[in-house]
Structures are given as structure tokens and as C-alpha cells.
Amino acid sequence: MMIRSLTVVLLAVVWSGVSGADPPKCCTERQFEARLAEVGGSLYKHNGQQVPALINVDNILHYNFYNKTVVYEVFERGANDSTMRSRIVHDFNAGLRYVIKMNKCTYVKGSRAISEQCVPDNAKFLGRSYFGYGVKSVPANNWQYTSPSNNVSIKSSMAASNCVPFVQAAFSTLGQDASNDVVFIVTGFRPGIQRPSVFDIPADCVPLSADNQFPSEHIQRGARYIDAVLSR
């Protein structure tokens with residue numbers, strides 16, 4: 001319950017603001033990279049009890065609308081300051097989603113289409129907030145909408161001047177006995193692709209099967225983020 005309280009407090013700060021006339025809906029760059037730091041956690045029911053799972057992971061997003069490919073790098077922090085790096089590469093042209101972890105590559109087929117990163121027509125304007133203080137504060141427009149494909153509720157706080165995302169929050173259920181609330185703090189946003197090699201696929205990639213199960217919850221959450229926010 002502490003994890004969910006942290007998420008709610010953060011959202012209350014970010015999405016506070018006085019609403020007025022709705023600003024025009026905008027679009028983000030068609031090529032960009034950004035770091036997505038996660039704040040929040042999951043609640044799972046185990047032996048009749050709600051068990052919290054703290055999220056301790058960073059991600060780097062590489063989005064290329066022109067070649068219809070998205071890369072989602074996951075950096076899981078473990079004991080003794082260890083870090084495990086994984087990669088999701090979703091090739092929307094080929095209809096394949098690859099997962100590369102520990103020098104192993106698997107893939108599954110998909111039927112989704114990449115979506116341009118625009119505030120959707122059905123988004124509700126929640127008001128304006130400010131990041132920073134005084135004359136150096138940056139105004140942001142806050143929006144809420146539901147992803148029609150998988151019923152994920154999404155809130156986004158985006159720079160009023162250029163539509164760069166500051167915060168994105170996703171609220172979803174993972175089945176009858178679990179829920180998932182995650183707030184993504186977006187930093188290091190930059191247009192273009194600086195590391196094209198992250199899109200490369202190993203030559204020995206094999207189809208996902210019962211012998212090579214889908215990786216950790218962090219990877220699955222990244223896949224859900226791609227489905228909810230980056231595709232349709």
C-alpha cells in the first residue's frame with residue numbers, strides 16, 4: 001500500500017493546476033530518444049494477501065516512426081549494485097517483437113501498428129502545471145486518455161511549448177488478482193537517433209517457446225508500455 005501512496009502523491013503534485021480553455025493537441029518528434037525512470041510498483045495477491053513489489057529499474061526509449069521500429073532498453077538493478085540490461089526491439093514493419101537478454105534472443109509475432117506520438121483526439125485536458133521555480137519554470141499541459149486497444153488509463157504531462165513529455169503514468173490490471181501503477185519520469189529527451197546499433201537484431205534469434213519463457217516482469221511491463229502508448 002505504501003507504493004501506491006507514493007504514486008498518488010507524485011501525481012497529485014504533477015497534475016495540479018488551474019484548467020482553462022483547452023490548448024491545441026500536439027505531437028512529439030517522429031524520432032527521439034529518452035530515459036524513462038520508473039516510480040511505483042505492483043500489487044499481487046499471494047495466499048490471499050496483497051504483496052507489494054517495488055520497481056527498481058531504468059529504461060531508455062529509442063523511437064523511430066520513419067522506419068516503424070521502437071527499442072526499449074531495460075536496466076534492472078539488483079543486489080551488490082549489479083545491473084542487468086535487456087532490450088525489446090519491436091519491428092512493426094515485420095510484425096515481430098524481439099527480446100534480447102543475456103546473449104539470448106527470442107521473438108514473437110504481433111499485429112499492432114506504430115502510432116505517432118500525438119495527444120489523441122479523445123484526450124481530456126486536466127490543466128496546466130509548472131516544472132521548476134520562478135522565471136525559470138517550464139509550463140506543461142496535462143492530459144488523460146484510455147488506450148483503446150488494451151484498456152490502460154494514461155496520464156501525460158507535456159511541455160506546452162514543444163510537446164516534449166515530462167511525465168507519463170499508466171494504470172492497468174494484470175488479471176483478476178493483480179494491478180500495475182507506474183509513473184515514468186522522462187529525462188534526457190533528444191530528437192533523432194544517436195545509437196542506431198540498438199536496433200540491430202542478432203542473427204541467431206529464435207521463436208519464443210515453452211523452453212525459453214518470456215523474460216522478467218520488467219520486460220513484460222516494457223512490452224505493455226509499447227502496446228499502450230507507442231502503438232495501436
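Modeller: Buried means under 20% relative accessible area, exposed means over 50%, and partly exposed lies in between. The model here is predicted.

Biologist: Which class does Tyr107 fall into at 24% relative accessibility, and which does Tyr98 at 12%?

Modeller: Tyr107, at 24%, counts as partly exposed because partly exposed runs from 20% to 50%. Tyr98 has 12% relative accessibility, so Tyr98 counts as buried.

Biologist: How many aromatic pairs are there?

Modeller: Rings pair if their centres lie within 6.5 Å. By this rule there are five aromatic pairs. In the pair of Tyr98 and Tyr107 the ring centres are 5.8 Å apart and the planes meet at 55 degrees, so this pair is tilted. Planes under 30 degrees apart would count as stacked, and over 60 as edge-to-face.

Biologist: Which residues form an aromatic cluster?

Modeller: One cluster is made up of Phe32, Tyr63 and Phe189.

Biologist: Where does the charged end of Lys68 sit?

Modeller: For a lysine, the atom to look at is NZ, along with its position relative to the ring centre and the ring normal. The charged end of Lys68 lies over the ring of Phe65, at 4.4 Å from the ring centre.

Biologist: Lys68 also touches His90. In which strand is His90 found, and is His90 buried or exposed?

Modeller: His90 belongs to strand β5, which covers residues 83-91. Its relative accessibility is 2%, so His90 counts as buried.

Biologist: What does the side chain of His90 join in a polar contact, and which residues does His90 touch?

Modeller: A polar contact of 2.9 Å links the His90 side chain to that of Arg97. Leaving out residues up to four places away in sequence, His90 touches Lys68, Thr69, Val70, Leu96, Arg97 and Ile226.

Key: Residues are numbered from 1 along each chain as its sequence is written. This is a predicted model: local features need pLDDT of at least 70, side-chain atom pairs count only at pLDDT 80 or more; totals for chains, interfaces and linings use all residues. Side-chain values use heavy atoms; hydrogens and water are left out. Rings of Phe, Tyr and Trp (its six-membered ring) pair if their centres lie within 6.5 Å; planes under 30 degrees apart count as stacked, over 60 as edge-to-face and the rest as tilted. Buried means under 20% relative accessible area, exposed over 50%, partly exposed in between (1.4 Å probe, protein chains only). A charge sits over a ring if NZ of Lys or CZ of Arg is within 6 Å of the ring centre and within 35 degrees of the ring normal. Helices (H or I, at least four residues) and strands (E, at least two) are DSSP runs, numbered from the N terminus. A polar contact is a pair of N or O atoms within 3.5 Å; within protein, one must be able to donate a hydrogen and the other to accept it, and residues adjacent in sequence count only if both atoms are side-chain atoms. Contact means heavy atoms within 4.5 Å.
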